[in-house]
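Q: Hey, can you walk me through this one? I'd like to go piece by piece.
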Amino acid sequence: MIEPIRRHVSVRCDPATAFRVFTHEMDTWWPLHIHSRAAQEREADGVKAERIVVEELAGGRIYEVMSDGLEADWGTILVWEPPERLVLAWQPNGRPPNPTELELRFAAEGEGTRVDLEHRGWERLGPDGREARESYAHGWPHTFDRLFAEAADDAAQYV
């Protein structure tokens, strides 16, 4: 078994706002210019990722919409329990291995919210599992800890 990645961040907003920022407003904080299918697969063609869509229900898709109108899947929602919990089959690339699993929990903490992230299931990627885990272990602190926290804190102004 490959150890899951666990992160948490505290934000200055209620759980419903944090959940909404993570899902409905994901493209406002996710670094699409470097972490998107367009950046990885279509950059040479001048195609860019324009937005992320999260279909807000169990079984829904998460996908990016590219500047040429094409959609590229990132995953499927396994559990949709707003504003407390979200579980995703996570595969933001076009490679054939099975997806990993991403779980997020949103809990009131003082005057804000603690958001816990667990990224697991690395062994599903076979021999590439450890390398993929290392890559995400370096990426989540920047993307989740810093960018999501900033976006959620900014959103708190408008509640």
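Q: How many residues sit between E2 and E3 in their hairpin?
A: There are 6 residues between them. Keep in mind that this is a predicted model.

Q: And which residue in that turn has a positive phi?
A: That's glycine 59, with a phi of about 90°.

Q: OK, in which sense do E2 and E3 pair?
A: They pair in the antiparallel sense, over 5 bridges. One residue to look at is arginine 51, which lies in strand E2, residues 49–54. Its bridge partner in E3 is valine 65.

Q: Is arginine 51 buried, exposed or something in between?
A: Arginine 51 has a relative accessible area of 40%. Partly exposed covers the range between 20% and 50%, so arginine 51 counts as partly exposed.

Q: What does arginine 51 touch, if you skip its neighbours within four places in sequence?
A: Arginine 51 is in contact with Asp27, Leu32, Tyr63, Glu64 and Val65. Take glutamate 64: it is 13 residues from arginine 51 in sequence, and their C-alpha atoms are 5.6 Å apart in space.

Q: What about E3 itself, is that strand largely enclosed or open?
A: Largely enclosed by the rest of the structure, because 5 of the 6 residues of E3 (residues 61–66) are buried.

Q: Where does valine 65 point us next, so what stands opposite it in E4?
A: Glutamate 71 stands opposite valine 65 there. E4 covers residues 71–81, and E3 and E4 pair in the antiparallel sense over 5 bridges.

Q: How many residues are between E3 and E4 in their hairpin?
A: 4 residues. Glycine 69 is in that turn, and it has a positive phi of about 90°.

Q: Quick one on strands in general: where do the side chains go?
A: In a regular strand they alternate between the two faces of the sheet.

Q: Switching to helices. At what angle do H1 and H3 pack?
A: About 125°, with their axes 9 Å apart. H1 is residues 15–22 and H3 is residues 129–155.

Q: What do you call that arrangement of H1 and H3?
A: Oblique. An angle over 115 but not over 145 degrees falls in that class, so H1 and H3 are oblique to each other.

Q: And which hand does the crossing of H1 and H3 have?
A: It's right-handed. On the H1 side, the contact is made by Thr17, Ala18, Arg20, Val21 and Phe22. H3 brings Phe144, Phe148, Ala151, Ala152 and Ala155.

Q: How do the residues of that contact of H1 with H3 divide up?
A: Into 8 nonpolar, 1 polar and 1 charged.

Conventions. Residues numbered from 1 in each chain as written. Predicted model: local features only at pLDDT ≥ 70, side-chain atom pairs only at ≥ 80, totals over all residues. Heavy atoms only, no water. Axes fitted to C-alpha atoms, helices over the stretch in contact; angles between N-to-C directions. Helix = DSSP H or I, 4+ residues; strand = E, 2+ residues; numbered from the N terminus. Parallel < 35°, antiparallel > 145°, perpendicular 65-115°, else oblique. Left-handed = near helix turned anticlockwise from the far one by under 90°. Contact = heavy atoms within 4.5 Å. Nonpolar A, V, L, I, M, F, W, Y, C, P; charged D, E, K, R; others polar. Buried < 20%, exposed > 50% of the residue type's maximum accessible area, 1.4 Å probe, protein only. Pairing = 2+ DSSP bridges.
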